[in-house]
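Here is my note on the structure you asked me to look over, written as numbered points. Please keep the sequence and the 3D view open beside it as you read.

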Amino acid sequence: MKPFKFKKFEIQQSANVFRVGTDGVLLGALASVDFANSILEIGTGTGLISLMLAQRNSKAKFLGIEINKEAVNLTKLNFQNSLFHLRLNNALHDFKTFETHEKFDLIVTNPPYFETSDSSKDKIARQNVELNFYQLISKSSELLSENGVFSVIIPFEVGADFIKIAKENQLFLKRRINIYGIENSKIKRLILEFSSNEKKLEESDFIIEKSPRKYSDQYLELTNEFHVFKKEDRN
């Protein structure tokens, strides 16, 4: 399988690991990372999100954990081949049993959410089987630093439940980005950010495409430092 080339790093991919996708790119480009010194990514896949965040924050140290052994090996390769390799680490670990004394300024994840799937790789990467929202949120709340942020991208349809569970675990919504796949369509995804301190909600909208297969100006500007765009992508 061909690698996915970004401006400052390259992602080696595998047919057995969930590949580079728009959700990961959006979270890597939009998550609040400037303030963070220590970052945990849950479910690294290919390592895309951590690599994007490492490009955006030149000081933070990263730890990625992943339950899929092949994904761990792929992430290690992509981390080692990047300019940011000295700040990036990952390990084979089940988040449900993950133990550490460290607290993280940013916990970021593109979590499992599909209820059904025919693909074995998707069963781990995307089903609500290996890690459900309750486990993800409660564990993350324990690992956040005092002013830490928990940042996720999820389908719009599960947003209300996710926000409710977070509040039950003393994590309060502070930022919400409504993601539209195409202009004038329904909301497709949500980027949600939580902290243990209640703050005024910051809400915004983001459109990926202005028309089918034509990126919006918003998307082009957001990802300009990452993507290598073809001329037709900009028209």
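1. I begin with helix α2, bearing in mind that the model is predicted. Eight of the nine residues of α2 are buried, so this helix is largely enclosed by the rest of the structure. The buried residues are L48, I49, S50, L51, M52, L53, A54 and Q55, and you may like to pick them out along the helix before reading on.

2. As for the chain as a whole, it contains seven helices and 11 strands, and buried residues account for 51% of its 235 residues. If we take the contacts between residues at least 6 apart in sequence, 69% of them join residues at least 24 apart.

3. Which residues touch the most other members of the largest nonpolar core? They are F9, L26, I39 and L53, in a core that has 37 residues. At least two residues of this core come from each of α1 (22-30), α2 (48-56), β6 (104-109), β7 (144-155), β8 (172-182), β10 (202-211) and α7 (217-222). The largest share, six residues, is supplied by α2, the helix with eight of its nine residues buried. Apart from this core lies another one, of 26 residues, which includes I42, L131, F133 and L190.

4. Two members of the largest core deserve a closer look, and F9 can be taken before L26. F9 is found in the loop between β1 (4-5) and β2 (10-11), and because its relative accessible area is 5%, below the cut-off of 20%, it counts as buried. Not counting residues up to four places away in sequence, F9 touches F4, L48, L51, M52, Q55, S82, F84 and F226. One of these partners, S82, is 73 residues away along the chain, yet the C-alpha atoms of F9 and S82 are separated by 5.6 Å. For L26, with neighbours within four places in sequence again left aside, the contacts are I153, I179, I191, F206, I208, Y219 and L222.

5. How are α1 and α2 arranged relative to each other, and how far apart are their axes? They pack at an angle of about 25°, and their axes are 8 Å apart. Because this angle is under 35 degrees, α1 is roughly parallel to α2. The crossing of the two helices is right-handed. On the α1 side, G24, V25, L27, G28, A29 and L30 take part, and they meet L48, I49, M52, L53 and R56 in α2.

6. A second pair of helices can be described in the same terms, namely α5 (residues 133-143) and α6 (residues 159-168), which pack at an angle of about 40° with their axes 9 Å apart. These two helices are therefore oblique to each other, and α5 passes α6 in a right-handed crossing. The residues that meet are F133, Y134, L136 and I137 in α5 and F162, I165, A166 and E168 in α6.

7. Is N57, which sits in the loop between α2 and β4 (61-66), buried or exposed? It counts as buried, because its relative accessibility is 6%. Its side chain reaches the backbone oxygen of A36 at 2.9 Å, and the side chain of N57 also reaches the backbone nitrogen of K59 at 2.9 Å. With residues up to four places away in sequence not counted, N57 touches V33, D34, A36 and R87.

8. H227, in the segment after α7, likewise counts as buried, at 9% relative accessibility. The side chain of H227 makes a polar contact with the side chain of Y219, at 3.0 Å. Y219 appears again among the residues that H227 contacts once neighbours within four places in sequence are left aside, together with F4, F6, K7 and V25. Y219 is also one of the contacts of L26.

9. Finally, K96 is found in the loop between β5 (88-92) and β6, and with a relative accessible area of 32% it is partly exposed. K96 and L131 are 35 residues apart along the chain, and their C-alpha atoms are separated by 7.2 Å. L131 is among the residues of the 26-residue core.

Technical notes
Residues numbered from 1 in each chain as written. Predicted model: local features only at pLDDT ≥ 70, side-chain atom pairs only at ≥ 80, totals over all residues. Heavy atoms only, no water. Core = buried A, V, L, I, M, F, W, Y, C linked by side-chain atoms within 4.5 Å. Buried < 20%, exposed > 50% of the residue type's maximum accessible area, 1.4 Å probe, protein only. Helix = DSSP H or I, 4+ residues; strand = E, 2+ residues; numbered from the N terminus. Contact = heavy atoms within 4.5 Å. Polar contact = N/O pair within 3.5 Å; in protein donor to acceptor, adjacent residues only side chain to side chain. Axes fitted to C-alpha atoms, helices over the stretch in contact; angles between N-to-C directions. Parallel < 35°, antiparallel > 145°, perpendicular 65-115°, else oblique. Left-handed = near helix turned anticlockwise from the far one by under 90°.
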